[in-house]
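Hello,

Here is the structure we talked about handing over. Please open it first, then read the notes below.

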Amino acid sequence: MTLYWRIFLLNAAVFLAAVLLLLGPVTVSTPVLLGEALVLLAGLVVMLIANALLLRIGLAPLARLNRAMATADLLRPGSRTTVTGPHEIAELTQTFNAMLARLETERATSSGRALSAQEAERHRLAQELHDEIGQTLTAVLLQLKHAADNAPRSVRADLHQAQETTRSGLDEIRRIARRLRPGVLEELGLHSALRALTTEFTTSSLSATAHLTPGLPPLDPATELVLYRIAQEGLTNTARHARATRVEVHLRPLPDAQVALLVRDNGRGIGTAPEGAGISGMRERALLIGADLAIGRGPHGGTDIRLHVTGSTTAPRPQENAR
Ligand SMILES: Nc1ncnc2c1ncn2[C@@H]1O[C@H](COP(=O)(O)OP(=O)(O)O)[C@@H](O)[C@H]1O
Ligand SMILES: [Mg+2]
């Protein structure tokens with residue numbers, strides 16, 4: 001039934017009830033007596049309430065659709081409104097669902113493209129840092145050594161000091177380059193890369209440990225990169241926001257050739273903090289490989305980041321090697 005007829009029939013039912021009542025024992029004198037006026041007023045109130053209730057029931061599918069539209073979130077895809085109610089509303093719901101599906105696909109494709117571009121740019125930066133500045137600093141280091149060997153005793157200590165500073169600068173550049181492009185991921189595989197990454201976050205006040213179960217199913221490079229980047233953002237957030245003393249990275253195979261990543265800290269918990277670029281980046285990467293991402297409180301407080309890779313890639317793989 002169309003919305004038009006539905007509302008018309010609801011109203012007609014109320015009017016009919018009123019007319020039937022008038023045909024009954026009700027009489028209205030002129031001028032109206034107080035008792036009669038009270039009865040009419042009560043009747044009017046009952047009619048308005050009945051009409052409001054019936055309209056609410058009749059328009060419920062519209063309210064449901066409205067809620068679904070207000071809460072639709074492209075970073076949490078897959079939720080669809082059930083198609084019910086009068087013809088127009090059912091059609092509207094169907095159109096909305098189709099639009100949502102289209103937007104989700106487009107979002108996945110465009111964020112896939114953006115992430116590929118980002119990875120390619122990081123790769124280029126890492127290469128340039130390593131090849132250009134890294135080589136220059138290495139040459140400076142050699143020159144300083146040569147100078148120190150031939151210098152008078154009075155300046156030798158200063159030259160050694162300069163050598164040390166240059167060496168730590170070189171280390172710093174190598175570290176930044178590694179963070180920009182997880183080269184170990186390609187060279188040594190996911191386990192070693194995650195282990196190296198975790199070790200980097202250990203400080204005097206934070207103990208970071210990796211617990212990696214062997215026997216992972218074969219993963220494509222895009223999935224490995226997503227696992228790595230999500231662990232990296234999780235660890236960065238722990239170091240930056242959590243005030244934690246411990247953080248653990250767990251990676252284990254699940255039944256059905258699936259993989260689960262867990263980053264768990266014992267910090268102050270994420271609470272209701274608004275999501276920033278880091279967390280929405282995690283969501284986009286998870287979407288890219290069709291994985292489920294859950295961020296919330298851990299069983300003993302702190303923050304848990306769980307990623308379940310289900311194995312169906314939905315978007316183009318990031319071109320880590322693209323130049
Ligand atoms: N492990 C954590 N412990 C406590 N708070 C966290 C943690 N991770 C994230 N948060 C909170 O969530 C917010 C959003 O994180 P994120 O999206 O990564 O943005 P950013 O790190 O740039 O602030 C942070 O500002 C912080 O308040
Ligand atoms: Mg962050």
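**R67 and the N-terminal part**

R67 lies in helix α2, which covers residues 34–71. Bear in mind throughout that this is a predicted model. R67 counts as exposed because it has 11 C-beta neighbours inside 10 Å, and the cut-off for exposed is 12 or fewer. From R67 to G134 the C-alpha distance is 56 Å, with these positions 67 residues apart along the chain.

Two UniProt annotations are worth marking on your copy. Both come from an unreviewed entry. The record puts a transmembrane region at residues 38–59. In the model, that span is 100% helix and 0% strand. Its end C-alpha atoms are 31 Å apart. The record also has "domain: HAMP" at residues 56–108. Here the model gives 72% helix and 0% strand. The end C-alpha atoms of residues 56–108 lie 37 Å apart.

Look also at the loop between α1 (3–23) and α2, where P31 is found. The peptide bond from T30 to P31 is cis. Its omega is near -10°.

**Two domains**

The domain assignment gives domain 1 as 3–105 and domain 2 as 183–323. How far apart are the centres of domain 1 and domain 2? Taken over C-alpha atoms, the separation is 49 Å. One residue pair gives another distance to check: T30 and A242 are 79 Å apart, C-alpha to C-alpha. In sequence, T30 and A242 are 212 residues apart.

**Around ligand 1**

Ligand 1 has 17 residues around it. The closest are N237, A242, G276, G278 and I279. Two helices, α7 (221–242) and α8 (277–288), each supply at least two residues of this shell. Which element gives the most to the shell around ligand 1? That is α7, with five residues. By type, the shell holds five nonpolar, eight polar and four charged residues.

A242 deserves its own look. This residue sits in helix α7. Is A242 buried or exposed? A242 counts as buried, because 21 C-beta neighbours lie inside 10 Å and the cut-off is 20 or more. Setting aside neighbours within four places in sequence, A242 is in contact with N237, D265, G267, R268 and T303. N237 is also among the residues closest to ligand 1.

R243 lies in the loop between α7 and β2. Its phi is near 50°, a positive value in a residue other than glycine. R243 is partly exposed, because 14 other C-beta atoms lie within 10 Å; that count falls between the cut-offs for exposed and buried.

**The nonpolar core**

The largest nonpolar core has 34 residues. Those with the most contacts inside this core are V226, I230, A231, A286 and L307. Each of these elements supplies at least two core residues: α6 (190–200), α7, β2 (246–254), β3 (258–265), α8 and β5 (303–309). The most comes from α7, with nine residues. So α7 gives the most to this core and also the most to the shell around ligand 1, by the helix assignment used here.

A286 shows how the core is joined up. Leaving aside neighbours within four places in sequence, A286 is in contact with V226, I230, A291, L293 and L307. Three names there, V226, I230 and L307, also appear among the core residues with the most contacts.

Best wishes

Notes
Residues are numbered from 1 along each chain as its sequence is written. Chains are lettered from A and ligands numbered from 1 in the order in which they are written. This is a predicted model: local features need pLDDT of at least 70, side-chain atom pairs count only at pLDDT 80 or more; totals for chains, interfaces and linings use all residues. UniProt positions are given in the numbering used here, feature names are shortened, and annotations may be inferred rather than shown by experiment. Helices (H or I, at least four residues) and strands (E, at least two) are DSSP runs, numbered from the N terminus. Domain bounds come from an automatic or database domain assignment. A residue is near a molecule or strand if its C-beta atom, placed from the backbone, lies within 6 Å of it. Ala, Val, Leu, Ile, Met, Phe, Trp, Tyr, Cys and Pro count as nonpolar, Asp, Glu, Lys and Arg as charged, and the others, Gly among them, as polar. A nonpolar core is a set of buried Ala, Val, Leu, Ile, Met, Phe, Trp, Tyr and Cys residues joined through C-beta atoms within 7 Å. Two residues are in contact if their C-beta atoms, placed from the backbone, lie within 7 Å.
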